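Visitor: Could you take me through one part of this model closely, working outward from a single hairpin to whatever surrounds it? I would like the strand pairing, the side-chain contacts and the degree of burial treated together.

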Amino acid sequence: MTNEPFHLSVNGQYEFYEQPAAAQQLDIITDEQHDFHILHQGQSYRAEIVAVDYVARQYTLRVNGTKYTVDIADHYERLIQQLGLGTANAQKLNTVKAPMPGLVLSILVTPGQSVQKGDALLILEAMKMENVLKAAGDGIVKAIAVQQGAPVEKGQLLVEME
């Protein structure tokens, strides 16, 4: 494990680096699975995880009522980007599978629809969080393998692309 700092970008406007150990200095109490009470440098904050995109390493948080989108890149992620391997060699994936067990809240595409990399395909609720699953590359939606409101297991096929 490396002790390299994380690169954080907040709302695409503020960028900074933070050591992994910095999170250990926060006094955090979990109210629910996605709500937190944080004490930092004598100030109290109420935070909620609104949405998570694990592939893009993007987290949407609400802190004291204000919404923030945070992109996090670790040492290895930054190396991949520096080498130009992040997008230049991106593979076209023909399937989208559930990254975790959950419930399909909303299907945002239809068969035959053309999508571009990063387009939202569906919203999966897991542990009371809404997770937007996005297209890994450009393509056409071949088939939707689930229905809105259906429970899914980790690794279950959700969308087929061509």
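Guide: Two strands are taken as paired if DSSP finds at least two bridges between them. What follows concerns a predicted model, and the hairpin in question is that of β6 and β7, in which 2 residues stand between the strands and one of them, N64, takes a positive phi near 50°. Strand β6 covers residues 58-63, and its antiparallel pairing with β7 is made through 6 bridges. One position in that pairing can be named exactly, for R62 stands opposite K67 in β7. Strand β7, which spans residues 66-73, also pairs with strand β1 (residues 6-10), again in the antiparallel sense, over 4 bridges. In that second pairing, V10 has V70 of β7 opposite it.

From the turn, the path leads to Y45, a residue of strand β5, which covers residues 43-53. Although Y45 and N64 are separated by 19 residues in sequence, their C-alpha atoms are 6.0 Å apart. When neighbours within four places in sequence are left aside, the contacts of Y45 are F36, H37, I38, H40, V63 and N64, a list that includes the turn residue N64 itself. The side chain of Y45 also makes a polar contact of 2.9 Å with the side chain of Q43. With a relative accessibility of 26%, Y45 counts as partly exposed, because the buried class is reserved for values under 20%.

Within β6 itself, T60 deserves a separate look. Its contacts, again without the neighbours within four places in sequence, are E48, I49, V50, A51, K67, Y68 and T69. Of these, K67, Y68 and T69 fall within the residue range 66-73 of β7, while E48, I49, V50 and A51 fall within the range 43-53 of β5. T60 is classed as buried, since its relative accessibility is 13%.

Charged side chains add further links around the hairpin, and the search of the whole structure finds 3 salt bridges. In one of them, the side chains of E48 and R62 meet with an N to O distance of 3.3 Å. This pair connects distant parts of the chain, as E48 belongs to strand β5 and R62 to strand β6, 14 residues apart. Both partners are partly exposed, E48 at a relative accessible area of 25% and R62 at 30%.

Another salt bridge is formed by R57 and D74, whose closest N and O atoms are 3.5 Å apart. R57 lies in the loop between β5 and β6, and D74 in the loop between β7 and α1 (75-82), so the pair ties together parts that are 17 residues apart in sequence. Here the two partners differ in class, because R57, at 29%, is partly exposed, whereas D74, at 18%, is buried.

The remaining salt bridge leads away from the hairpin: D53 forms it with K134, and the closest N and O atoms are 3.6 Å apart. It again links distant parts of the chain, with D53 in strand β5 and K134 in strand β12 (residues 129-134), 81 residues apart. D53 is buried, its relative accessible area being 8%, while K134 is partly exposed at 32%.

The nonpolar residues complete the picture. The largest nonpolar core has 18 residues, and those with the most contacts inside it are V115, L124, V152, L158 and V159. Two or more residues come to this core from each of β11 (120-126) and β15 (157-161), and β11 gives the most, with 4 residues. Apart from this core lies another, of 6 residues, among them I38, A47, I49 and M129. Two of these four have already appeared above: I38 is a contact of Y45, and I49 is a contact of T60. M129, for its part, is one of the contacts of L124, which is itself among the residues with the most contacts in the largest core.

Terms used:
Residues are numbered from 1 along each chain as its sequence is written. This is a predicted model: local features need pLDDT of at least 70, side-chain atom pairs count only at pLDDT 80 or more; totals for chains, interfaces and linings use all residues. Side-chain values use heavy atoms; hydrogens and water are left out. Buried means under 20% relative accessible area, exposed over 50%, partly exposed in between (1.4 Å probe, protein chains only). Contact means heavy atoms within 4.5 Å. A polar contact is a pair of N or O atoms within 3.5 Å; within protein, one must be able to donate a hydrogen and the other to accept it, and residues adjacent in sequence count only if both atoms are side-chain atoms. A salt bridge is a side-chain nitrogen of Lys or Arg within 4 Å of a carboxyl oxygen of Asp or Glu. A nonpolar core is a set of buried Ala, Val, Leu, Ile, Met, Phe, Trp, Tyr and Cys residues joined through side-chain atoms within 4.5 Å.
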